[in-house]
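Here are some worked exercises to try with the structure open beside you. Have a go at each task before you read its solution.

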Amino acid sequence: MNAVLPATSTQQTSKTGVRFTYTPEQLRGFAQQVLELARRAGASACECEVSEGNGLSVTVRMGVVETIEHNRDKAIGVTVYAGERPAARRGHASTSDLSAAALAQTVEAALAIARRTAVDECAGPPEAAELARVPRELDLYHPWALGTGEAIALARRLERAAFALSPKIRNSEGAVVSAQHGQFVLANSLGFMQGYPTSRHMLSLSVIAEEKGLMQRDDWYSSARVPGLLADPEALGRYAGARALARLRSRKIPTCQAPVLLEAPVAAGLVGSFVNAASGGNLYRKSSFLLDALGRQVFSAGVSIEERPHEPRALASAAFDEEGVATRSRSVVDKGQLTGYFLGTYSARKLGMKSTGSAGGAHNLVVAANGPDFRGLLAKLRRGLLVTELLGQGVNLVTGDYSRGAAGYWVEGGEIAYPVEEITIAGNLKDMFLGIAAVGSDQVVRGAYRCGSILIDNMTIAGN
């Protein structure tokens, strides 16, 4: 889907109405005030984040405007420490009032909490040597001066394109057009103070097809930092409609063991399960099946995953994490071996390790393709299940047990035979990861993950 929407340059911001309330210098001034207030009040260390955002989101359903939401908000979060490691206590407070009196009250509230909490030997700001020192330009701010009328017209174009496909497209769960902008400054008492503006825009559509009284729904969306990189509205609408139509006449299938192909957006969710299992909080609580797995073979040998936090314009790019720790490009999985966890400062200390710059999550995880395109994956699957939707939250990160409701298509002879529904796919993440037979070249971006469809050699499919 090629983009057709015009991008708006940052130079046009003041002319087009995409404005922030505060300048970057003012945000830095608020942060400096907080750091000074905390120092005077006796805090041993302080961290704060000042942010503001604005945007427009419109929902149209069946051609009728359902919601129009204009948002403009601001906030400051303050974390203070009483005492030095390993005898530090931590307190946090926040406010949306940036007046001098409110900032002082927020610092006092955070300190009051810190003085009443238990000593935590791992509490404290990051190590100074780990902080990002040189600002890095990642081109993450591309404002979209979208008027309400324009947004409504775009949403209607999405719906009309789907309805024009077939009279069987009978209903809509809504077309959404959203343009969001924000800026922030992160600072701490170690001398770190950086921030930048960001943008994130989206088109999405969910429609319902009906035949002989039976209904099926499906959806699609496009999200980008740059409005000009969003999918063509008509193409997106037609694709969402085609997906819903293809699911008509769905049937159940008998319980069996078979290969399973996870469509790229669903496969990205599987990557998310891996990230959760490899994240510091679950690891130090011993609630992950990947505890002590560094250096071990946890995926099949054909799987490699890299973290690329510095890709320009990417949705999960960041020069530093939520603590100011510098992000870096790195291998997370190399030929199936686990080479990196996702650790913030606190979890790293709990594990006796160093932060990976992952406070707040992963940054642009890319699962390398080692297989063909989508058609080629169907041919490789030959006979089995293509999953295009998952339901429920049946993932146990402690044991790796995996059981999710699913819908998709049965494949025979490398071709889609018919749609299926009301089934469950089950296995164990340890076996599923090791059983990945191919990662397709049909990559999509879903949040922080870029991944193609994933073929797993065998799973239990529960049906009739």
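**Exercise 1. Find how much space lies in the second largest pocket, and describe its lining.**

Solution. Start with the volume: in this predicted model, the second largest pocket holds about 680 Å³ of space. Next, go to the lining, which has 37 residues. Those nearest the centre of this pocket are Arg 90, Glu 322, Glu 323, Ala 359 and Gly 360. Then ask which elements contribute: at least two lining residues each come from E1, E2, E3, E4, helix H7 (280-284) and helix H8 (345-351). Finally, sort the lining by character, and you get 15 nonpolar, 14 polar and eight charged residues.

**Exercise 2. Work out the strand order of the open sheet whose pairing is antiparallel, and say which strands stand at its edges.**

Solution. Walk across the sheet from one side, and the order of its six strands reads E3-E2-E1-E4-E5-E6. Now look at the two ends. Strand E3 (89-95) and strand E6 (214-224) each have a single partner strand, so one side of each is left without a neighbour in the sheet. From one strand to the next, the twist averages 20°.

Two helices pack on this sheet. Helix H2 (residues 24-40) touches strand E1 (45-61), strand E2 (64-82), strand E4 (169-188) and E5, and its direction makes about 60° with that of E4. Helix H4 (residues 148-163) also touches E1, E2, E4 and E5, but here the angle with the direction of E4 is about 140°.

**Exercise 3. Trace how E5 joins E6.**

Solution. Begin with the pairing: strand E5 (residues 193-211) runs antiparallel to E6, and 11 bridges join the two. Pick out some partners along the way. His 201 has Ala 224 of E6 as its bridge partner, while Ile 208 stands opposite Arg 217. Then follow the chain to the turn: E5 and E6 make a hairpin with two residues between them. Lys 212, in that turn, has a positive phi of about 55°.

**Exercise 4. Which element gives the most residues to the lining of the largest pocket?**

Solution. First, the size: the largest pocket has a volume of about 870 Å³. Its lining counts 40 residues, with Trp 220, Tyr 221, Val 444, Val 445 and Arg 446 nearest the centre. Two or more lining residues come from each of E6, helix H5 (233-246), H6, strand E11 (365-367), strand E12 (384-391), strand E16 (444-446) and strand E17 (449-451). The top contributor is E6, with six residues. By character, the lining divides into 25 nonpolar, six polar and nine charged residues.

**Exercise 5. Describe the open sheet with mixed pairing, and place H6 on it.**

Solution. The six strands of this sheet follow the order E10-E9-E8-E11-E17-E16. At its edges are strand E10 (337-338) and E16, each pairing on one side only. Further in, strand E8 (residues 305-307) and E11 pair in the antiparallel sense over three bridges. One bridge to look for has Ile 305 partnered with Val 367 in E11. Now add the helix: H6 lies across E8, strand E9 (330-334), E10, E11, E16 and E17, and runs at about 130° to E17.

**Exercise 6. How many cavities of 30 Å³ or more does the whole structure hold, and what lines the largest?**

Solution. A search of the whole structure turns up one. About 60 Å³ of space lies in this cavity. Its lining is made of Leu 270, Val 271, Phe 274, Phe 299, Val 303, Ile 305, Val 367, Phe 433, Ile 436, Val 439 and Ile 454. Notice that Ile 305 and Val 367, the bridge partners of Exercise 5, both appear in this lining. Helix H6 (264-277) and strand E15 (436-439) each give two or more residues, and H6 gives the most, with three. For the character, count 11 nonpolar, no polar and no charged residues.

**Exercise 7. Decide where the model calls for caution: over which residues is the pLDDT below 50?**

Solution. Take the chain as a whole first: the mean pLDDT is 94, and 96% of the residues reach 70 or more. The stretch with pLDDT below 50 covers residues 1-16. In the model, this stretch has 42 contacts beyond near neighbours in sequence. Where pLDDT is low, the predicted coordinates should not be read in detail.

Key:
Residues are numbered from 1 along each chain as its sequence is written. This is a predicted model: local features need pLDDT of at least 70, side-chain atom pairs count only at pLDDT 80 or more; totals for chains, interfaces and linings use all residues. Side-chain values use heavy atoms; hydrogens and water are left out. pLDDT is the predictor's confidence in each residue, from 0 to 100. Contact means heavy atoms within 4.5 Å. On a 1 Å grid over the protein atoms alone, a cavity is a set of points where a 1.4 Å probe fits but cannot get out, and a pocket is an open set with protein on both sides within 12 Å along at least five of seven lines; lining residues have an atom within 4 Å of a point. Grid points are joined across faces, edges and corners, and a volume is the space filled by probe spheres set on the points. Helices (H or I, at least four residues) and strands (E, at least two) are DSSP runs, numbered from the N terminus. Ala, Val, Leu, Ile, Met, Phe, Trp, Tyr, Cys and Pro count as nonpolar, Asp, Glu, Lys and Arg as charged, and the others, Gly among them, as polar. Two strands pair if DSSP finds at least two bridges between them. Axes are lines fitted to C-alpha atoms, for helices over the stretch in contact, and angles run from 0 to 180 degrees between N-to-C directions.
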